[in-house]
Amino acid sequence: MSHKRIPKRKAVIAAGSVVALGAAALILPNAMASQTDATEGAAPRTLKAADASDLASQLAEQLGEAFAGAYYDAGKQQLIINVVGDNNNVVVQAQRAGAVVREVDNSTAELKSAARTLKTEATIPGTAWSVDPRTNKIRVTADSTVEGADWDQLESTVDGLGSGMATITKSAGEFKTFVEGGDAIFGGGARCSLGFNVVTGDGTPGFLTAGHCGVATAEWSDAQNGAPIGTVEAATFPGDGDFALVKYDDPATEAPSTVDTGGGQTVEIVQAAEAAVGQEVIRMGSTTGLNDGQVTGLDATVNYPEGTVTGLIQTNVCAEPGDSGGSLFTAEGSAIGLTSGGSGDCTVGGETFFQPVTTALAAVGAQIGAGDAGAGGEAGAGEEAGAGEEAGAGEDAGVGEQAGAGEEAGAGEEAGAGEEAGAGAGEEAGAGDQAGDEAGGYGAGDDSGLQQGH
């Protein structure tokens, strides 16, 4: 495998003004219902987003059932804590910690109960739901295949949750998994994408990709019909997520913790972070290149044709078949998600879903930005992620001519099955003949888009 160095230039993309904090376990609901800013206690603190997230986590534990979510107002640099009930001690406690306090109607427990009802009564292919912290409701979405009796069942279930608990909307297109992504990888007739390079539990290098790619075949190459470079260590799909860990067969493979954003630019990934509703995020894919948008929901459940997947991030970032497994990240270098699937395309938009990176890392026992992986070293163990140093060996390597989410990643200059491997986030991501066209179309053997013929 050859390697080359590419000058590093960090991509800069403007962030949004209001960001809701949180993974499902930390900050599920929050709201705009009954906005009551309490005035007692200390003045709100001016906080950076990361510090606000830490404070929200602390208050979630301290306030218990009264805590109903939180979000970050980036314009004012303040943490907004949402509470249920009229316990003044709770209000004062949060204010003294430096947060702004508002009252909301729906508690975390109520929203979780509503989600369980949807799972029991409305698990219909083509449907999805997630918590929308900005409205303090469950956001239910149905794709174009949900009609007739299925639509009636979904609508009836949502109505049965009660007023102010959920909304329901129609989405163009069909919910399906996407194949390919930032740097193309090939295996068993499927074309997927490397998401992020990681250091595995034993200190050797590997990478994360979509679980529906990991269950398709055990070995992956950086070139169509090429020799394998990695073997699936673990994969989950469908079920509690859509993620897979692939270990590089050569433990000396250099696996830099970067994402190539095209045109010689890269973003260095220094940590994994929780998604935030309202947060500006960036996605890289070999079919559609670089696209950005916002997180719109957390703890999403998606009913794909292959089965139900839970615990996903919902966004309005466009994606198309060929983008699965690709990287969802921030301009500041936080790894957020792995492209799972959705509906629509990059012409009309749509709903897209991502596997949270933090959940995937915890499940497979790996870490991001933990020092040198491979290159002959025992990398990563016990080191602070991205602790002021260049994470992940600092050199280009791995999939294609570079590692995965690497610097000028993806061997070959044009992505597309039939070209030299890698594609994607490199010089012409998915340019020319796209993967689906050159590869002879999607859905060889099924209608999921997972298997793609060559």
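These exercises walk through backbone details and one helix of a predicted model.

**Exercise 1. Unusual backbone geometry**

Task: Find which residues are joined by a cis peptide bond, and say where Pro-238 lies.

Solution:
- Start from the general rule. Most peptide bonds are trans.
- Now look at Phe-237 and Pro-238. A cis peptide bond joins them, with omega at about -15°.
- Place the proline. Pro-238 sits in the loop that runs between β14 (228-236) and β15 (243-248).

**Exercise 2. Positive phi outside glycine**

Task: Take Asn-136 and Asp-299. For each, give phi, then the location, then decide whether the residue is buried, partly exposed or exposed.

Solution:
- Recall the background. Most residues other than glycine have a negative phi.
- Asn-136 is not a glycine, yet its phi is positive, about 60°.
- Asn-136 belongs to the loop between β5 (127-132) and β6 (137-142).
- Its relative accessibility is 1%. Buried means under 20%. Asn-136 therefore counts as buried.
- Asp-299 is not a glycine either, and its phi is positive too, about 55°.
- Asp-299 lies within a strand, β20 (residues 289-304).
- Its relative accessibility is 33%. Partly exposed covers the range between under 20% and over 50%. Asp-299 therefore counts as partly exposed.

**Exercise 3. A pair across the chain**

Task: Locate Thr-46, classify its exposure, and give its C-alpha separation from Lys-76.

Solution:
- Thr-46 is in the loop between β1 (18-20) and α1 (49-63).
- The relative accessibility of Thr-46 is 60%. Exposed means over 50%, so Thr-46 counts as exposed.
- Count along the chain. Thr-46 and Lys-76 are 30 residues apart.
- Go through space instead. Their C-alpha atoms are separated by 7.4 Å.

**Exercise 4. The two faces of α3**

Task: Check the span of helix α3 (residues 108-121). Then work out which residues are buried, why they line one face, and what covers them.

Solution:
- Begin with length. Helix α3 has 14 residues and reaches 20 Å from its first C-alpha to its last. That is close to the 20 Å expected at 1.5 Å a residue.
- List the buried residues of α3. They are Thr-108, Leu-111, Ala-114 and Leu-118.
- Look down the axis of α3. Its buried residues fall within an arc of 130°, so they line one face of the helix.
- Turn to the face away from that buried side. Here α3 carries the exposed residues Ala-109, Arg-116 and Thr-120.
- Find the cover. The buried residues of α3 are covered by elements including β2 (67-73), β5, β6 and α4 (148-160).
- Link back to Exercise 2. The loop holding Asn-136 runs between β5 and β6, and both strands are among the elements covering the buried residues of α3.

Technical notes. Residues numbered from 1 in each chain as written. Predicted model: local features only at pLDDT ≥ 70, side-chain atom pairs only at ≥ 80, totals over all residues. Heavy atoms only, no water. Helix = DSSP H or I, 4+ residues; strand = E, 2+ residues; numbered from the N terminus. Buried < 20%, exposed > 50% of the residue type's maximum accessible area, 1.4 Å probe, protein only. Expected span 1.5 Å × (residues − 1). Arc of directions from axis to C-beta. Contact = heavy atoms within 4.5 Å.
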